[in-house]
Amino acid sequence: MPKHIIILAVPGVQLLDVSGPLDVFAEANQQRGREVYKLSVMAVADPTVVSSSGARLLADLTLDAPLPDALDTFLVAGAPVLDSFISDEKLHENICRWSHHAQRFGSVCSGAMLLAAAGLINGRRVTTHWTVAERLHQEYPQVNVEADAIFIADAELRTAAGVTSGLDLALNMVDEDLGRETALDVAAQLVMFFKRPGGQLQFSRHGQASLSGRSALQDVQRWVLNTLDQPHNVQSLATHMGISARHITRLFNQELNQSPAEWLEQQRVFHARQLLETGELAVKQIAAECGFSSVDILRRAFVRQLSVTPSQYQKHHSS
């Protein structure tokens, strides 16, 4: 009997959040030469779902349909704008109904916000798109948000970071269900990584230079950003402000929720990312331009921030 997989496409859904996972499961059917997975698209109410791009999906069923005898997986796809319906109690009830009935349930991208609103992921490990992760953490502090993860499998719960990472999540489920060889064949056919290097923050603009906090703090940030090649440290920042290292550390923690050293490393790594993307400088030159005393220190900071090395990052992000 095929494993039935249903993906809920909410109004304004991001099309790839639905079509990406479906194509992975469909390719698994092709590789096995039979219908291992039965695939269905679900709508909230109107079977015609207008996606964020304007393309229309014709759903196979709606959220208020009777539960089938068996359901393997129920996933909630994300949408750029959820605020118009995220508080709908009837929607929450139906998402809970289908999630509890499925052997596995979860989300792709910002669909995790709907799972959280329905009270389904309290105390659970989840991921979501990096632009939504902080909101999810702030609004639902009982949810354990891992912002850098591409996807997470936590018992019967499956969550993906967003957009293309829905393919990674689906491929992992194929690996679970059908084994490594089939999953490798699917990845090869779809020209995708079997295991993507690093986490999702390497694709984000997380850490992008911006000025925050009171004006004196913004002044020292501006000074550092204009002189990143210099050997700045907590003491040099404190001296520039005319205060103690302890005082500036307290200011950074209060207003930026991070230490001066953490902020400084974040800015150095972000600038290094920009230089690596152009492909114009050698890694040794980039380390010097960003204030790292050696390539090895740059590499360690990169791995700490993004879970990939500079060379891995440049390979996949250079122009």
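Just after helix H1, Gly33 takes a positive phi of about 70 degrees. The model is a predicted one, and H1 is a good place to begin reading it.

**Helix H1 and its partners**

H1 covers residues 15-32. At 1.5 Å a residue, its 18 residues should span 26 Å, and the end C-alpha atoms are indeed 26 Å apart, so expectation and model agree. Its buried residues are Asp17, Val18, Gly20, Pro21, Leu22, Val24, Phe25, Glu27, Ala28 and Asn29. These buried residues pack against strands S1, S2, S4 (56-58) and S7, and against helices H5 and H6 (180-190). A general point helps when reading such a list: an α-helix has 3.6 residues a turn, so residues three or four places apart point the same way.

How do the axes of H1 and H5 cross, and within what distance do they come? The axis of H1 comes within 7 Å of that of H5 (residues 165-178), and the two cross at roughly 35 degrees. The crossing of H1 past H5 is right-handed. On the H1 side the contact is made by Gly20, Pro21, Val24, Phe25, Ala28 and Arg32, while H5 brings Gly166, Leu167, Ala170, Leu171, Met173, Val174 and Leu178. Sorted by class, this contact has 10 nonpolar, 2 polar and 1 charged residues.

**The sheet**

Follow the strands next. 7 of them form an open sheet with mixed pairing, in the order S5-S2-S1-S6-S7-S11-S10. Strand S5 (61-62) and strand S10 (151-154) are the edges; each has a single partner strand, so one side of each is left without a neighbour in the sheet.

S10 is joined to S11 (residues 157-160) by 4 bridges, and these strands run antiparallel. Ala153 stands opposite Arg158 in S11. The two strands form a hairpin with 2 residues between them, and Ala155 in the turn has a positive phi of about 55 degrees. S11 is also joined to S7 by 4 bridges, this time in parallel, with Ser107 having Thr159 of S11 as its bridge partner. Are the residues on the two faces of S11 buried or exposed? Both faces are covered: Leu157 and Thr159 on one side, and Arg158 and Ala160 on the other, are all buried.

**Helices on the sheet**

H1 lies across S1 (3-9), S2 (37-43) and S7 (104-108), running at about 165 degrees to S2. H5 packs on the sheet as well, touching S1, S2, S6 (73-76), S7, S10 and S11, and its direction makes about 145 degrees with that of S11.

Helix H2 (residues 89-101) has 13 residues, which at 1.5 Å each should span 18 Å; its end C-alpha atoms are 18 Å apart, in agreement. The buried residues of H2 are Leu91, His92, Asn94, Ile95, Cys96, Trp98 and Ser99. They pack against S1, S2, S5, S6 and S7, and also against helix H3 (111-117).

**Positive phi outside glycine**

Most residues other than glycine have a negative phi. Two loop residues that depart from this pattern are set out below.

| Residue | Phi | Loop | Relative accessibility |
|---|---|---|---|
| Cys109 | near 60 degrees | between S7 and H3 | 7%, buried |
| Ser307 | about 65 degrees | between H12 (295-306) and H13 (310-317) | 39%, partly exposed |

Cys109 counts as buried because its 7% falls under the 20% cut-off. Ser307, at 39%, is partly exposed.

**A buried isoleucine**

Our last stop is Ile286, which sits in helix H11 (residues 283-289). Ile286 is buried, with a relative accessible area of 0%. Which residues is Ile286 in contact with, leaving aside its neighbours within four places in sequence? They are Ala272, Leu275, Leu276, Leu281 and Leu298. Ile286 and Arg273 are 13 residues apart in sequence, and their C-alpha atoms are 9.2 Å apart in space.

Definitions and conventions. Residues numbered from 1 in each chain as written. Predicted model: local features only at pLDDT ≥ 70, side-chain atom pairs only at ≥ 80, totals over all residues. Heavy atoms only, no water. Axes fitted to C-alpha atoms, helices over the stretch in contact; angles between N-to-C directions. Left-handed = near helix turned anticlockwise from the far one by under 90°. Contact = heavy atoms within 4.5 Å. Nonpolar A, V, L, I, M, F, W, Y, C, P; charged D, E, K, R; others polar. Pairing = 2+ DSSP bridges. Expected span 1.5 Å × (residues − 1). Buried < 20%, exposed > 50% of the residue type's maximum accessible area, 1.4 Å probe, protein only.
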